[in-house]
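Please keep the sequence and the model in view while reading. The account below starts from a single residue and moves outward.

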Amino acid sequence: MQGDWDNPYLTMDKRYEGITVGAFLDLIEKGYVYKGQKTITWCAHCETALADAETEYKDISSPSIYLRFKLVNPKKEILGDLDYTKPVSLAVWTTTPWTIPANVAAAVSNTEDYAILQDSKTGEYYIVAEKLAEEFLKNTELDCTQAGKVAGEKLVGQTYYHPLSHKENPVIWTDFVTMDAGVGVVHIAPGHGEEDAQAGKQWKLETLCPVDEKGCYTKDAGVFEGMHVFEANPLMVKKLGELGALIKEQEIVHSYPHCWRCHNPIIFRATEQWFMSIDKDGLRQKLMDNLKNVKFYPAGGQERMRSMIGLRPDWCLSRQRFWGTPVAVLYCKKCGKPQVNHELFEFIKKRAMEEGSDFWFTDPVEKLMPENYTCECGSHEFRKETDILDVWLDSGVSWAAVLKDRGLDFPADVYSEGSDQHRGWFQSSYIPSYTLEGTAPFKTILTHGMVLDGHGRPMHKSEGNVTDPADVINKYGADI
Ligand SMILES: [Zn+2]
Ligand SMILES: [Zn+2]
């Protein structure tokens, strides 16, 4: 038999949904799934978290601004003999003015020297990395002379006034402050950047994220409440100017991540999400090592996939969309705990296998658990999670929903897809299969290239540059 044409498999089949829900609950029971706050790539247009493989880079024009972060009582023992009646500021460069409300620190390099520049007209001081001072003066057209010098590590522990809130924030150091762009002082907003979030963890900084799922400011952003962040950019720059924080405004064209579905620029946002841990019990290393047991055509695919697994972050399994397979988890209304309970999970799995997963959305919460189900804290009141699962988990359990459920050979002889799926479907199939079954779902991975359009770009449904194979076949026959 070449194909079971009368019984195709669809991820929205009831039984398939049941198996997807079951796999997710099994991963929770095995301890691989956790709920955490993470700063992730977010599409404000689609209102959802995006996976690594779901962003694409394109050039856009952004404001490029230099700001004053004015030091609080600059320390004489650090900065030496300056005219302390004049303000001393860290100069900061950013292309995302809308993230300034979420600023909680300024980062310097602990291995670089910083120049203390004095404005010839006003007498005020600016601190920038010595290596970037010339570039800073050129771009800002300030007329300054160097009044002193300080090691970056000595600046750590100083505080400065937040330009909008006037809160005192600390100067920290991080590895990612480099000397190839900007001024060597980086504005840190853990709620709006991945590296910033890591620095925030390391320095125990607060995570502010005054931006909702539509990309609009919340009431925590004060006068900007309700405004879309990209629309707020010019107003933010204007406000910073009025407050005396703006040194210079320019435009810059730079490479910026976009959503692969709607092609709008994305933002980084701190959110509560469900994650699959890739590092629990050494899983990452096991996944990498076990690829030796899989044949790859072409052979280079093995190293490609191995290095991608080596670098990948935890898998964000939840999405905020209105349809899909549910994250079938209940929370206790009293103590807030997500319920991880074998009897409860078996109940949900059984219903999902028989009815599909829509009951999760349509039934009242009382019907989503066995009778008399009780939380450890004694409460009987629960609320349901409304997030859905990443569709990559849906397609990633086809080995269970198709091979195992239909009694076909498992692992499969061959998985075949385009070479872009070393990051996508091959991994989203491999990770749950290895974790739940102890084996890859495939014996062999065969990848192929892409059909290119007239401009040499790969044809993609989302790009709309696709030729329907049926048209070609009708005209030229199937051989071509
Ligand atoms: Zn989008
Ligand atoms: Zn409870």
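**From two zinc sites to the backbone**

Cys377 has a relative accessible area of 31% and is therefore partly exposed (buried means under 20%, exposed over 50% and partly exposed in between, with a 1.4 Å probe and protein chains only). This is a predicted model, in which local features need pLDDT of at least 70 and side-chain atom pairs count only at pLDDT 80 or more, while totals for chains, interfaces and linings use all residues. Residues are numbered from 1 along each chain as its sequence is written, chains are lettered from A and ligands numbered from 1 in the order in which they are written, and side-chain values use heavy atoms, with hydrogens and water left out.

The sulfur (SG) of Cys377 is a donor to the zinc ion (ligand 2), together with the SG atoms of Cys332, Cys335 and Cys375, at 2.2 to 2.3 Å. Donors here are N, O and S atoms within 2.8 Å of the metal (3.2 Å for Na, K and Ca); water is not among the atoms, so sites may look incomplete. Along the chain these donors have the spacing C-x2-C-x39-C-x1-C. Cys332 belongs to strand β17 (residues 330-332) and Cys377 to the loop between α10 (359-362) and β18 (382-384), so this pair ties together parts that are 45 residues apart in sequence. Helices (H or I, at least four residues) and strands (E, at least two) are DSSP runs, numbered from the N terminus. Cys332, at 2% relative accessibility, counts as buried.

The zinc ion (ligand 1) has Cys43, Cys46, Cys259 and Cys262 as its protein donors, each through SG, at 2.3 to 2.4 Å. Angles of 101 to 117 degrees among the four donor atoms make the site of ligand 1 tetrahedral, a label given to four donors if all angles lie between 85 and 135 degrees. Here the spacing in sequence is C-x2-C-x212-C-x2-C. Cys46, in the loop between β1 (33-43) and β2 (48-49), and Cys262, in the loop between β12 (246-259) and β13 (267-276), link distant parts of the chain, 216 residues apart.

Beside these donors, Glu47 also lies in the loop between β1 and β2. Its phi is near 55 degrees, a positive value in a residue other than glycine. Most residues other than glycine have a negative phi, and most peptide bonds are trans. Thr48 lies in strand β2 and is buried, with a relative accessible area of 0%. Residues that Thr48 touches include Trp42, Cys43 and Arg319, not counting those up to four places away in sequence; contact means heavy atoms within 4.5 Å.

The packing of helices offers a further view. Helix α7 (residues 283-290) meets helix α13 (residues 425-437) at an angle of about 105 degrees, with the axes 11 Å apart. The two helices are thus roughly perpendicular, a term for angles of 65 to 115 degrees. Leu283, Lys286, Leu287 and Asn290 of α7 make the contact with Tyr430, Ile431, Tyr434 and Thr435 of α13.

Two peptide bonds complete the tour. The bond from Tyr297 to Pro298 is cis, with omega near -5 degrees, and Pro298 is in the loop between β14 (295-297) and α8 (300-311). The bond from Phe410 to Pro411 is cis, with omega near -5 degrees; Pro411 lies in the loop between α12 (398-404) and β20 (412-418).

Conventions. Tetrahedral: all angles 85-135°; square planar, octahedral: opposite > 155°, others 65-115°. Axes fitted to C-alpha atoms, helices over the stretch in contact; angles between N-to-C directions. Parallel < 35°, antiparallel > 145°, perpendicular 65-115°, else oblique.
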